Amino acid sequence: MTRAGDRQWNLVLTGPPGAGKGTQAVRLAARLGIPQVSTGDMLREAVASESELGKRVKAIMERGDLVSDEIVIELVRERFARSDCGPGFILDGFPRTVAQAKALDELLAQLGRSQITVIALEVPEAELINRILARGEGRADDNEATVRKRLQVYQSETAPILEHYSAGLARIHGVGEIDEIESWIAEALQLS
Ligand code: ADP
């Protein structure tokens, strides 16, 4: 198994809703011994605990809209301050706008860890809709109308970050067996 070792991993896993970011982020986190930092999970936890933040974001998430840049940037900033992020992290679901990508650049520069690797999972739209409607996790935003909205938001707000990262970007085909996709990611990161 490959561990973080001497290398510091500043990884971003991006892609449309349903592309398998969470699944692959969990595997990669275990493989490298670094935390998965999922803004979606953090926000869902806030909603479940009915915190002030949770109350502010619940309706936004249920509509399939994006939570404000300010809120998610602050969540990530606080998360990075925890010591487990020292050897690296895998961001999953962040950045989701060009403004978030720029804020991340700044945050990493402040931490003296500016080298960033972005993995973009690519999956055709019809497959994404089928997957999300079939996965049955019972998420409040997994109904067809909201899924279409999330895909639209992905195209208009998130896809432009790929140009922001044209340098350190690995595009990975996201259709196939989970193990197989993991091996393509590992190859792109030169882990295998
Ligand atoms: P998915 O990729 O399947 O849409 P996520 O768990 O990443 O799922 O996100 C779920 C919802 O949480 C989003 O639709 C959005 O409302 C909110 N969210 C998560 N991450 C961000 C982010 N970086 N910026 C703004 N909103 C976010």
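Here is a walk through two helix pairs and one glutamate in this predicted model.

Let's start with helix α4, which covers residues 69-80. Its 12 residues reach 16 Å from the first C-alpha to the last, close to the 16 Å expected at 1.5 Å a residue. Which residues of α4 are buried? They are Ile71, Val72, Ile73, Leu75, Val76, Arg79 and Phe80, so an arginine is on that list too. An α-helix has 3.6 residues a turn, so residues three or four places apart point the same way. The buried residues of α4 have plenty to pack against: the strands β2 (36-38) and β3 (88-92), along with the helices α2 (39-48), α3 (52-63) and α5 (98-110).

Of those neighbours, take α5. Two packed helices are described by the angle between their axes and the distance between the axes. For α4 and α5, the axes come within 10 Å and cross at roughly 25°. That is under the 35 degree cut-off, which makes α4 roughly parallel to α5. The crossing of this pair is right-handed. On the α4 side, the contact is made by Asp69, Val72, Ile73, Val76, Arg77 and Phe80, and α5 brings Ala99, Gln100, Ala103, Leu104, Leu107, Leu108 and Gln110. Sort the residues of that contact by character and you get nine nonpolar, two polar and two charged. Val72, Ile73, Val76 and Phe80 turn up among the buried residues of α4 and also in its contact with α5.

Now for the other pair, helix α1 (residues 21-32) and helix α9 (residues 178-188). How do their axes cross? They come within 10 Å and cross at roughly 60°, and α1 and α9 are therefore oblique to each other. The crossing of α1 past α9 is right-handed. Here α1 uses Thr23, Gln24, Arg27, Leu28 and Arg31 to meet Ile178, Asp179, Ile181, Glu182, Ile185 and Ala186 of α9. This contact divides into five nonpolar, two polar and four charged residues.

Last stop: Glu157, which is found in helix α7 (residues 144-158). Is Glu157 buried or exposed? Neither, quite: Glu157 is partly exposed, because its relative accessible area is 37%, and partly exposed runs between the 20% and 50% cut-offs. Leaving aside residues up to four places away in sequence, Glu157 touches Leu66, Arg96, Thr97 and Val98. Glu187 sits 30 residues from Glu157 along the chain, and their C-alpha atoms are separated by 29 Å.

Technical notes: Residues numbered from 1 in each chain as written. Predicted model: local features only at pLDDT ≥ 70, side-chain atom pairs only at ≥ 80, totals over all residues. Heavy atoms only, no water. Axes fitted to C-alpha atoms, helices over the stretch in contact; angles between N-to-C directions. Helix = DSSP H or I, 4+ residues; strand = E, 2+ residues; numbered from the N terminus. Parallel < 35°, antiparallel > 145°, perpendicular 65-115°, else oblique. Left-handed = near helix turned anticlockwise from the far one by under 90°. Contact = heavy atoms within 4.5 Å. Nonpolar A, V, L, I, M, F, W, Y, C, P; charged D, E, K, R; others polar. Expected span 1.5 Å × (residues − 1). Buried < 20%, exposed > 50% of the residue type's maximum accessible area, 1.4 Å probe, protein only.
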